[in-house]
Amino acid sequence: MQDRPPVTVLRLGHRPGRDERMTTHVGLTARALGADRVVLANDGASRRDTIEDITDRFGGPFAVEETERPIDRIEAFDGVVVHLTMYGLPVQDVEAEIRDAHETDPVLVVVGAEKVPWDVYEHAEYNVGVTNQPHSEVASLAVFLDRLFEGAELDREWEDAERRVVPQEAGKRVDET
Ligand code: SAM
């Protein structure tokens with residue numbers, strides 16, 4: 001996990017009202033499942049606070065950035081662009097090839113909100129479907145990251161955490177560190 005190029009998640013778009021929790025959950029899922037940073041589209045309102053607060057309390061490293069021009073991030077990215085879309089190639093058919101590329105190259109995982117511009121499909125090295133059924137950016141991101149890291153993200157160590165959950169068969173235990 002630590003000895004490989006970074007993985008960045010780019011969240012395209014945001015529908016005010018409808019997407020408030022969804023955008024936060026893209027960031028939290030990216031963090032929890034092994035990505036190094038999330039880039040959120042900023043349409044005038046910042047949505048980074050909850051993600052940064054969780055990172056402060058439960059550890060990192062994990063970076064949050066915002067951009068007013070998310071498409072520029074894709075065009076400028078020096079690495080492998082993976083766009084998650086229900087119209088893409090089945091994840092199970094391309095995951096090994098993407099993992100091989102990730103041994104040397106950073107990966108940008110792009111997820112949408114509303115209709116994704118055609119440019120994104122063209123710029124992506126891989127358009128990947130997690131099934132070819134419509135569902136959610138949070139679900140597709142979680143499955144994709146788990147496939148990319150082959151489960152290693154589940155054993156990740158967290159640095160500078162103020163709190164640590166101690167797994168329990170029943171009940172809740174959180175230690176202050
Ligand atoms: N209607 C939009 C479009 O035309 O692209 C998609 C909206 S969907 C609610 C939001 C995002 O969820 C998509 O942009 C995509 O990143 C992700 N998504 C939904 N279903 C997916 C699937 N089966 N595989 C991969 N990603 C998916």
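The structure holds 1 aromatic pair, and a tour may begin there by selecting tryptophan 118 and tyrosine 121, whose ring centres are 5.1 Å apart with planes at 20°, so the pair is stacked. Rings of Phe, Tyr and Trp (its six-membered ring) pair if their centres lie within 6.5 Å, and planes under 30 degrees apart count as stacked, over 60 as edge-to-face and the rest as tilted.

Before going on, note that this is a predicted model in which local features need pLDDT of at least 70 and side-chain atom pairs count only at pLDDT 80 or more, while totals for chains, interfaces and linings use all residues. Residues are numbered from 1 along each chain as its sequence is written, and side-chain values use heavy atoms, with hydrogens and water left out.

Keep the pair selected and show helix α5 (residues 118-123), where tryptophan 118 and tyrosine 121 both lie, 3 residues apart, about one turn of the helix; helices are DSSP runs (H or I, at least four residues), numbered from the N terminus. Tryptophan 118 counts as exposed at 57% relative accessibility, whereas tyrosine 121 counts as buried at 18% (buried means under 20% relative accessible area, exposed over 50%, partly exposed in between, with a 1.4 Å probe and protein chains only).

Next, select tryptophan 158. The charged end of arginine 31 sits over its ring, 4.3 Å from the centre, and arginine 156 lies over the face of tryptophan 158 at 3.8 Å from the ring centre; a charge sits over a ring if NZ of Lys or CZ of Arg is within 6 Å of the ring centre and within 35 degrees of the ring normal.

From arginine 31, move to helix α1 (residues 20-32) and helix α2 (residues 49-58), which pack at an angle of about 30° with their axes 9 Å apart. Axes are lines fitted to C-alpha atoms, for helices over the stretch in contact, and angles run from 0 to 180 degrees between N-to-C directions. The helices α1 and α2 are therefore roughly parallel to each other (angles under 35 degrees count as roughly parallel, over 145 as roughly antiparallel, 65 to 115 as roughly perpendicular and the rest as oblique). Their contact, meaning heavy atoms within 4.5 Å, is made by Thr24, Gly27, Leu28 and Arg31 of α1 and Thr50, Ile51, Ile54, Thr55 and Phe58 of α2.

Finally, within α2, select threonine 50, which is partly exposed, with a relative accessible area of 41%.

Notes:
Helix = DSSP H or I, 4+ residues; strand = E, 2+ residues; numbered from the N terminus.
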